[in-house]
Amino acid sequence: MTYIPPMSGPYMRKNKSVRRSMLLVMAALTPATAYGFYLFGWPAIILFSITLGSAFIFEVMCLLLAKRSITMYAFDGSAILTAWLLAISLPPWAPWWIGVIGAAIAIILGKQVFGGLGQNVFNPAMVARVALLISFPLQMTTYMQPIPLFSSAAPSFMEGVGIIFGTSSFDAVSSASLLSTIKTDLGQGIALGEIMAGQYIPSDWILGNSVSSIGEGSALLLIAGGIFLIFGRIMTWYIPVSTIIALGLMATLFNIIDPSQYPDAMVHLFSGATMLVVFFIATDPVTSPMSPKGQIVFGIGLGLLVYIIRTWAAYPEGMSFAILLMNAMTPLIDRYVRPRIFGRTQKGDPIKLSEKA
Amino acid sequence: MEIFNIQGGAKLNGHKSLTADLEIITTPMPDILHIPLQQHIGAPAEPIVNHGDRVLKGQLIATSKGLISAPVHAPTSGIVKRIGDFPAPHPSGLPVLTLTLEPDGLNEWAALPEPLDIETATSQEIADRVSQSGIVGMGGATFPSAVKLNLGQRYKLEMLVINGAECEPYLTCDDRLMQERTEKTVMGIRVMMKALNVPKALIAIEANKPHAFKAMEEECANDDNINIVNVPARYPMGSEKHLVQALTGKETPAKGMTADLGVVVHNVATAFAVYEAIYLGRPLISRIVTVSGQAINKPGNYDTLIGTPVSSLIALSGGMSSEPKQLLMGGPMMGQPLPNLDVPIIKGSSGILALIDTETIDQDVMPCIGCGSCVMVCPVALLPLDMASRIQHEDMDGADSIGVRDCVSCGSCNYVCPSHIPLVQYFNHAKGRLKEQDIDRRNQDRMKDLAQKRASRDEKTLLALEQKRADREAYNAAMTKMDGKGHGTDNEMDIK
């Protein structure tokens with residue numbers, strides 16, 4: 001009989017693994033991503049592939065440097081998922097080097113310098129997005145109207161390569177995102193109703209037929225993916241629901257106070273990166289609190305911050321900043337927001353029977 | 001009846017169909033029996049027979065020592081071959097004092113104590129008989145049962161809960177017992193109610209045992225004082241404090257006992273052992289063991305003598321089809337790996353499991369990704385991932401401050417962890433370390449105390465001497481004054 005070193009049980013395990021979780025998250029992202037590919041065509045597909053490929057290469061390089069197992073870590077899916085989330089939050093026709101630099105920042109600075117999987121304080125994809133936004137504001141805010149794949153106006157594969165590598169120019173209607181349009185126009189004293197009249201068709205925004213980054217457009221498909229993950233027990237509902245409620249309440253409140261200045265909850269919830277972030281990035285297990293109560297605090301904080309940044313700060317697409325700030329708060333939340341232990345009071349003393357009974 | 005929620009918990013694949021429908025088989029007499037003298041929590045029993053003695057079935061062979069202990073009886077008649085160290089059914093395989101008995105095949109009973117008349121017996125008499133019969137908690141905890149039948153003297157009790165949850169996967173020994181020995185088990189329960197002086201009993205059975213539930217319900221149909229309750233099949237429902245919470249909605253205080261809530265919990269197999277002790281005068285010398293797992297050719301439920309080597313039980317089950325990946329005593333969640341097949345069945349052995357590769361997943365440990373699955377399933381509402389990271393950094397006091405000692409080692413966190421981190425291993429390690437620290441601290445305090453006492457004693461002696469010297473000097477001075485001549489020199493020498 002083989003010698004089994006004394007180890008505590010249990011001796012049975014649920015069939016779960018890190019890789020399985022990562023793959024399921026990717027599966028949940030697939031519909032929204034595929035729809036983004038359809039809307040923005042070959043350039044988006046090429047940019048996406050470049051970002052994922054370079055992230056994988058950076059991950060392998062870091063693992064080699066750190067002398068860690070390539071087979072175990074490079075294929076755990078975490079680097080690919082990070083790059084995936086970064087890629088779909090980029091403007092669809094951004095140049096190739098945006099993808100490569102973004103992947104480098106995400107994998108090297110966002111994740112590996114902290115010690116790799118599970119060790120990072122900030123969500124790597126959001127670190128990269130914010131770094132890109134600050135460093136390359138022009139490329140990172142140049143959005144365009146969708147030109148669906150296979151439509152007559154859509155660029156072919158070769159034209160797509162030309163667009164991404166900057167070797168050819170292509171006529172596309174470039175445009176700013178809704179939130180930044182609102183921001184700029186409000187700044188110029190145009191009333192909200194007037195701005196929205198030309199821009200805002202709610203059904204289009206919910207379906208995703210709108211000016212957006214590759215994968216954040218279709219709120220509906222993102223919500224569907226999120227619900228799939230919640231029911232698949234890959235994530236919990238605490239963060240998405242609390243964020244949506246907090247953001248929705250803030251937007252509704254200010255919209256009631258002054259409808260000419262503050263867009264309503266629908267705009268905040270269904271445009272920009274809201275749904276992508278609340279379901280797929282805020283729920284990043286590594287950088288969010290561990291207890292349900294902590295996650296609710298995190299979600300509320302995120303909702304409030306997003307509203308504040310979008311409304312009163314210089315960045316109308318404030319989601320990524322809000323995420324990083326809340327990531328920084330996570331250790332603090334985890335320290336102070338803890339579940340009540342069985343048989344003990346919240347403070348940790350054994351419960352007294354006279355009070356409980 | 002209302003069932004209250006328990007925190008966390010995991011839905012496990014029960015694997016119970018392997019043996020759930022198989023009738024209990026009484027095992028034939030093995031060639032040799034190894035009877036450890038410590039099969040319970042507490043002090044080991046002390047042998048009272050000698051090498052070469054012939055003992056009879058049911059004869060006392062080792063007496064209990066101390067308050068928390070249990071005696072051991074001969075499972076059959078035969079010759080004592082050896083009294084010495086033998087590997088224990090514990091992962092370490094460390095030797096414990098064991099009595100080796102060679103059965104003579106006659107199975108001749110010793111003179112047994114008279115059955116007790118349940119109508120006239122007092123609580124103390126029942127508890128004494130249970131104690132003399134060597135009965136321990138048969139769910140696996142092996143705490144001497146008599147101690148838990150005496151609680152009525154110290155606590156105001158309202159209810160007896162019989163734990164028939166059997167929440168560990170694979171195990172079906174309690175399930176079969178409740179189906180096949182229903183009447184006797186219920187008689188045992190009534191004895192326990194009498195001993196505890198409680199008006200009612202609840203028998204909790206997990207929803208995955210409908211036949212046992214039906215059998216027990218039919219048996220108790222005319223008894224308003226005993227209710228059978230279906231509890232959800234949710235691990236660790238069989239944990240004493242959680243079962244009481246599910247049944248009463250009350251939470252046992254940390255460091256407290258369910259008796260604080262007026263509830264005492266006994267295992268259903270213990271109730272059957274109590275029946276045998278009271279009505280037949282028979283001590284605990286056998287138990288039902290589930291032998292299961294996919295490596296076992298013919299899984300089953302066996303009524304087995306205490307001391308039977310695991311190897312004979314496996315041979316009886318048609319042997320193993322392949323080398324098992326994991327060989328366990330108890331269930332797969334909280335059971336322990338066996339060091340080898342020679343170790344014996346003891347009073348707390350509910351199962352012998354031989355698991356193959358696909359049943360016991362052995363995967364690479366990945367870093368914690370903080371998914372919080374462990375937080376969701378922890379029945380004690382701890383933060384397993386936080387405790388584990390503190391323990392990894394050798395911060396035992398930190399782990400203690402967030403409740404590692406409240407952990408019941410149920411293994412739910414470990415079961416769901418996608419990174420396959422051996423969480424329970426960490427927690428057990430930390431609990432051991434903290435216990436050592438406590439002992440060290442206590443010893444240090446004791447030393448300090450003794451040193452202080454000694455110092456104050458020395459001081460007192462010095463003060464006394466000082467006083468004596470002063471007295472002498474005063475006396476001398478007085479004498480000198482009186483005589484006019486000095487006695488000083490002599491007296492000074494005295495004091496030195």
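Which residues are buried in α14(A)? I began there. T274(A), M275(A), L276(A), V277(A), V278(A), F279(A), F280(A) and I281(A) are buried. The helix spans residues 274–281 of chain A, and 8 of its 8 residues are buried, so the rest of the structure largely encloses it.

**Confidence**

I noted that this is a predicted model. The predictor gives the complex an ipTM of 0.86 and a pTM of 0.86. For chain B the average pLDDT is 91, and 97% of the residues score at least 70. I then looked for the weak stretch. Over residues 486–496 of chain B, pLDDT stays under 50. The model has 10 contacts beyond four places in sequence for that stretch. Where pLDDT is low, predicted coordinates should not be read in detail. I left that stretch alone.

**Where the chains touch**

I looked up the contact between chains A and B next. It takes 39 residues from chain A and 54 residues from chain B. On chain B, I found that β15 (326–329), α10 (384–392), α12 (412–416) and α13 (423–483) each supply at least two residues of the side touching chain A. I sorted the residues of that side by class: 28 are nonpolar, 18 polar and 8 charged.

**The cores**

Nonpolar side chains tend to be buried together in soluble globular proteins. I went looking for such groups here. The largest nonpolar core has 229 residues. V161(B) and A204(B) have the most contacts inside it. Helix α1 of chain A (residues 18–66) gives the largest share of this core, 20 residues. Domain 1 (16–292) and domain 2 (365–496) of chain B each give the core at least three residues. I also found a second, separate core of 5 residues, with Y143(A), L178(A), L179(A) and I182(A) among them.

I checked the neighbours of A204(B), not counting residues up to four places away in sequence. A204(B) touches V161(B), I162(B), N163(B), G164(B), A165(B), V229(B), V231(B), L243(B) and L247(B).

**Strand β12 of chain B**

V161(B) led me to this strand, because I wanted its bridge partner. In β12(B), that partner is V265(B). Strand β9 of chain B (residues 159–164) pairs with β12(B) in the parallel sense, over 5 bridges. Strand β12(B) covers residues 263–267, and 5 of its 5 residues are buried. In a regular strand the side chains alternate between the two faces of the sheet. I took the faces one by one. V263(B), V265(B) and N267(B) are on one side, V264(B) and H266(B) are on the other, and all are buried.

**A glycine in a loop**

I stopped at G307(B), in the loop between β14 (300–305) and α8 (310–316) of chain B. Is G307(B) buried or exposed? G307(B) is buried, because 26 other C-beta atoms lie within 10 Å, and 20 are enough to count as buried. Leaving out residues up to four places away in sequence, I found that G307(B) touches L33(B), H34(B), I35(B), P75(B), L101(B), P344(B) and I345(B). I also took one distance. G307(B) and V404(B) are 97 residues apart along the chain, and their C-alpha atoms are separated by 35 Å.

**Two domains in chain B**

Last, I looked at how chain B is divided: domain 1 (16–292) and domain 2 (365–496). Their C-alpha centres lie 39 Å apart. The contact between them takes 5 residues from domain 1 and 5 residues from domain 2. On the side of domain 1 that touches domain 2, I noted 3 nonpolar, 2 polar and no charged residues.

Key. Residues are numbered from 1 along each chain as its sequence is written. Chains are lettered from A and ligands numbered from 1 in the order in which they are written. This is a predicted model: local features need pLDDT of at least 70, side-chain atom pairs count only at pLDDT 80 or more; totals for chains, interfaces and linings use all residues. Two residues are in contact if their C-beta atoms, placed from the backbone, lie within 7 Å. Helices (H or I, at least four residues) and strands (E, at least two) are DSSP runs, numbered from the N terminus. Ala, Val, Leu, Ile, Met, Phe, Trp, Tyr, Cys and Pro count as nonpolar, Asp, Glu, Lys and Arg as charged, and the others, Gly among them, as polar. A nonpolar core is a set of buried Ala, Val, Leu, Ile, Met, Phe, Trp, Tyr and Cys residues joined through C-beta atoms within 7 Å. A residue is buried if 20 or more other C-beta atoms lie within 10 Å of its own, exposed if 12 or fewer, and partly exposed in between; C-beta atoms are placed from the backbone. Domain bounds come from an automatic or database domain assignment. Two strands pair if DSSP finds at least two bridges between them. pLDDT is the predictor's confidence in each residue, from 0 to 100.
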